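Me: Please examine closely the enclosed spaces inside this protein, and then the packing and backbone details of the elements that accompany them. I should like one connected account.

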Amino acid sequence: MNAPTTRRLTVAQALVEFLAHQYTERDGRRHRLISACWGIFGHGNVAGIGQALLESGDALPYLQGRNEQAMVHAAVGYARQRDRLSAQAVTTSIGPGATNLVTGAALATVNRLPVLLLPGDVFATRSADPVLQQLEVPSAGDVSVNDALRPVSRYFDRVTRPEALIPAALQAVRVLADPVDTGAVTLALPQDVQAEAYDWPEEFFADRVWRVARPAPDAGALAEAVHAIRGARRPLLIAGGGVHHSEAEEALRAFADATGIPVASTQAGKGSLRHDHPADVGGIGHTGTATADALAREADLVIGVGTRYTDFTTASSTLFAAPGVRFVNLNIAPFDAHKLGAASLVADARAGLEALTGALSGHRVAAAYEAGYRAAKEEWERRVDAAYGAADDSVRPSQTQVLGALDGIVDDTDVIINAAGSLPGDLHKLWRARSRRQYHLEYGYSCMGYEIPAAIGVRLAAPDRPVWALVGDGTYLMNPTEIVTAVQEGVNITVVIVQNHGYASIGGLSEATGGERFGTAYRFRAGDGTYTGAPLPVDLAANAASLGMDVLRAATVGELRAALVKARGANRPTCVYVETETADTVPGAPDAQAWWDVPVAETATRPAAVAAREAYDRHAAGRRRHL
């Protein structure tokens, strides 16, 4: 009897070879599961994973980053653009390289986006103990800093023996390819084990296809959902990120066309319908449109599709206010499908929407309801026009006028990326999404510094699409270094720096909650130790230029339009820098249409905080549990 065929490789070499043969398949289309590996090398991975990537050549392409957190952001941007069917890996050394992964891992897991993390770890054999950068825990010899990744990973394993890699690697890719379980996956790799050789069964390196199914809804659950929809007079559908991940946009359009049910969207779901579709009523929740939020307050049935109902979506449980409101949730994850006491429809978003459309044949909302929300949508669009417009091209633009200028030059192919500050609220209310993956807001973790590296990941996933990273000055200062990566790799992204000299979003929140904008402005400290109103002498445009970008400065609305057009046609990474007008006399985005629960001091001496608490108590009284 012949012995099984084996191949002698190190653990790191075997892992790289294994990853190069993993695929996903959905709807008959196959995708490389791990398309590339980002890495910054140190003593914990240079002689293991680093050597293996060098030896593998093009089997698993290597991408060089500047910051470990940013590499995860880039990989997440890539995975989202690829509808979670393809992902990337990130390798780091031990110590600070590994702990820098934690924020990116949390972002990936919160947003249900796959990324494979391969941090180095301390010696499994304890032959060098403590090794450089090792955290010694007197009460636990088997703990390293990588254990900080456990709570933010959907799957975590530490490979302390070569043969343990086989089950660990299989479990890792299972989770990465599973739309219910996906998120950050961590394989901690002790540096001595990475370099250890082992005789691997040849079957370990065979092509392996992980099929991403489209489970259909249970017949009984479908019948219950259909009964609820047919009985509703004021139904509202909320489209979440699951619509995009499932590529269910056409199924949603067919459902809206057939039933006339209006469609609002979360930050992750915006663009599920084109902005000009008659049933699209815009963003929902604290940063939503007046149209969507008014419908939500009066809805007797809310149909959630692919949403996890964050506090921004529900206005901290105050938005869905009708006394008898009920919920139907279509979600591939049972955890999300059962929220708000809903009738749950556990299924793939596309399969579920198609089933609902078929079962609701002939059903349509009342003509008066449809005419009412369409009229409200038209009124909101006039408010958007007012916010976008500028009376004079020679004036300094407001932030909303920056968005208006960009809106005037993009087409269906452009991708707009943002994550934090005041821009997400303005974008959710105002942006006119033209295509399924144009609107890319990371608002599950709302991580400052996400935008620039994510833009690189998106451009790698969609090299023919213009990609815009919109960043405020606060966000830019958090994480600009991947500009160097974009320049080095020739990844043609455009960064729009919106300079307003401070944390505008949190400043507004501080004012509303009695904090009086304390600590939110960038102000210059004078020689006598006092703070003045003068802006800091910092030139972010010059900084971007020093990192290798072409920079276009725009001082007026007219100059901004010209700069955006030039940047869109550029053939290398480009930055558009604009200082915005923040005076109260300049039209901005409409105020928040719904509440957001940020607890205010229950006792205070300053009048602003006392007044803020009184307002808080009034809003909080409207909270309810949907059971």
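Reply: A cavity is here a set of grid points where a 1.4 Å probe fits but cannot get out, and a residue lines the cavity if one of its atoms lies within 4 Å of such a point. The model under discussion is a predicted one. Rolling a probe the size of a water molecule over the atoms reveals where empty space remains.

Counting those of 30 Å³ or more, the structure contains six cavities. The second largest encloses about 140 Å³. Its lining comprises 21 residues, and those closest to the centre are Lys-270, Asp-280, Gly-282, Glu-381 and Trp-431. Among the secondary structure elements, strand β14 (280-283), helix α15 (367-388) and helix α17 (423-430) each contribute at least two residues to this lining. Divided by class, the lining of the second largest cavity holds seven nonpolar, eight polar and six charged residues.

The largest cavity has a volume of about 600 Å³. Forty residues line this space, with Gly-241, Gly-242, Ala-268, Gly-306 and Arg-308 lying nearest to its centre. At least two lining residues come from each of α9 (241-245), α12 (311-314) and β16 (326-331). Of the elements, α9 gives the most, with three residues. The lining of the largest cavity consists of 17 nonpolar, 16 polar and seven charged residues.

Helix α12, which supplies part of the lining of the largest cavity, also bounds a loop with a backbone feature of interest. That loop, between β15 (301-305) and α12, contains Tyr-309. Although Tyr-309 is not a glycine, its phi is positive, at about 55°. A second backbone feature involves Pro-130, placed in the loop between β7 (115-121) and β8 (155-158). The peptide bond leading from Asp-129 to Pro-130 is cis, and its omega is near 5°. For context, most residues other than glycine have a negative phi, and most peptide bonds are trans.

Helix packing may be taken up next, starting from α15. A packed pair of helices is described by the angle between the two axes and the distance between them. Helix α15, a contributor to the lining of the second largest cavity, packs with helix α11 (residues 290-298), their axes coming within 8 Å and crossing at roughly 145°. From α11 the contact involves Ala-290, Thr-291 and Leu-295, while α15 provides Tyr-369, Tyr-373, Ala-376, Lys-377, Trp-380 and Arg-383. These contact residues divide into six nonpolar, one polar and two charged.

Helices α10 (residues 249-259) and α14 (residues 349-359) form another pair, with axes 9 Å apart and an angle of about 20°. Angles under 35 degrees count as roughly parallel, and α10 is therefore roughly parallel to α14. The crossing of α10 past α14 is left-handed. On the α10 side, Ala-251, Leu-252, Ala-254, Phe-255 and Ala-258 meet Arg-350, Leu-353, Glu-354, Leu-356 and Thr-357 of α14. This contact has seven nonpolar, one polar and two charged residues.

A further pair is formed by α16 (residues 399-407) and α23 (residues 557-568), whose axes come within 9 Å and cross at roughly 40°. The two helices are therefore oblique to each other. Here α16 passes α23 in a right-handed crossing. Gln-401, Val-402, Ala-405 and Leu-406 represent α16 in the contact, and their partners in α23 are Val-557, Leu-560, Arg-561 and Leu-564. Six nonpolar residues, one polar and one charged make up this contact of α16 with α23.

Key
Residues numbered from 1 in each chain as written. Predicted model: local features only at pLDDT ≥ 70, side-chain atom pairs only at ≥ 80, totals over all residues. Heavy atoms only, no water. 1 Å grid on protein atoms, 1.4 Å probe; cavity = no way out; pocket = protein on both sides within 12 Å on 5 of 7 lines; lining within 4 Å. Points joined across faces, edges and corners; volume = space filled by probe spheres on them. Helix = DSSP H or I, 4+ residues; strand = E, 2+ residues; numbered from the N terminus. Nonpolar A, V, L, I, M, F, W, Y, C, P; charged D, E, K, R; others polar. Axes fitted to C-alpha atoms, helices over the stretch in contact; angles between N-to-C directions. Parallel < 35°, antiparallel > 145°, perpendicular 65-115°, else oblique. Left-handed = near helix turned anticlockwise from the far one by under 90°. Contact = heavy atoms within 4.5 Å.
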